[in-house]
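Work through these exercises with the model open. Try each task before reading its solution.

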Amino acid sequence: MSFSSDVKQELNKNTNLANKDIVKNELLGYFISGNTNVRNHKEIKFSTESDYNINRFSKLLSNLNINHKIEILRKNICYYTKNKRG
């Protein structure tokens, strides 16, 4: 496992989210990671392949009483083949 994966797993194990300043700072870390896009101050798109990050991001939002719904989008690949007419 990589160092970053180990760190993500370790952070996800921390369930003591009583200190709101630490929670806010960790959430800010997600925002500045380059994997987060905020639209119209209402929609947050967080891009990751890590289940740990998805769960942690949701825990942080919930802890700060930010109403949210997790929607997981997968990339669909569509192959198009042009029919040859003979």
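**Exercise 1. Find which exposed residues lie on the face of helix 2 turned away from its buried side.**

Solution.
- Step 1: Fix the terms. Buried means under 20% relative accessible area, exposed over 50%, and partly exposed in between, with a 1.4 Å probe and protein chains only. Helices (H or I, at least four residues) and strands (E, at least two) are DSSP runs, numbered from the N terminus.
- Step 2: List the buried residues of helix 2. They are V23, E26, L27 and Y30.
- Step 3: Check their directions. These residues lie on the same side of helix 2, because they cover an arc of only 100 degrees around the axis. The arc is taken from the directions from the helix axis to the C-beta atoms.
- Step 4: Turn to the opposite face. It carries D21, I22 and N25, which are exposed.
- Step 5: Confirm one case. I22 counts as exposed because its relative accessibility is 52%.

This is a predicted model: local features need pLDDT of at least 70, side-chain atom pairs count only at pLDDT 80 or more, and totals for chains, interfaces and linings use all residues. Residues are numbered from 1 along each chain as its sequence is written, and side-chain values use heavy atoms, with hydrogens and water left out.

**Exercise 2. Test whether the length of helix 2 agrees with its residue count.**

Solution.
- Step 1: Take the rule. The expected span is 1.5 Å times one less than the number of residues.
- Step 2: Apply the rule. Twelve residues should span 16 Å.
- Step 3: Compare. The end C-alpha atoms of helix 2 are 16 Å apart, which agrees.
- Step 4: Look at the confidence. Helix 2 (residues 20-31) has the highest mean pLDDT among the elements, 89. pLDDT is the predictor's confidence in each residue, from 0 to 100.

**Exercise 3. Identify the residues of the largest nonpolar core, and what L60 touches.**

Solution.
- Step 1: Define the core. It is a set of buried Ala, Val, Leu, Ile, Met, Phe, Trp, Tyr and Cys residues joined through side-chain atoms within 4.5 Å.
- Step 2: Name the members. The nine residues are L17, V23, L27, Y30, F46, F57, L60, L61 and L64.
- Step 3: Assign them to elements. Helix 2 and helix 3 (51-63) each supply at least two residues of this core.
- Step 4: Trace L60. Beyond its neighbours within four places in sequence, L60 is in contact (heavy atoms within 4.5 Å) with L17, V23, E26, L27 and Y30.
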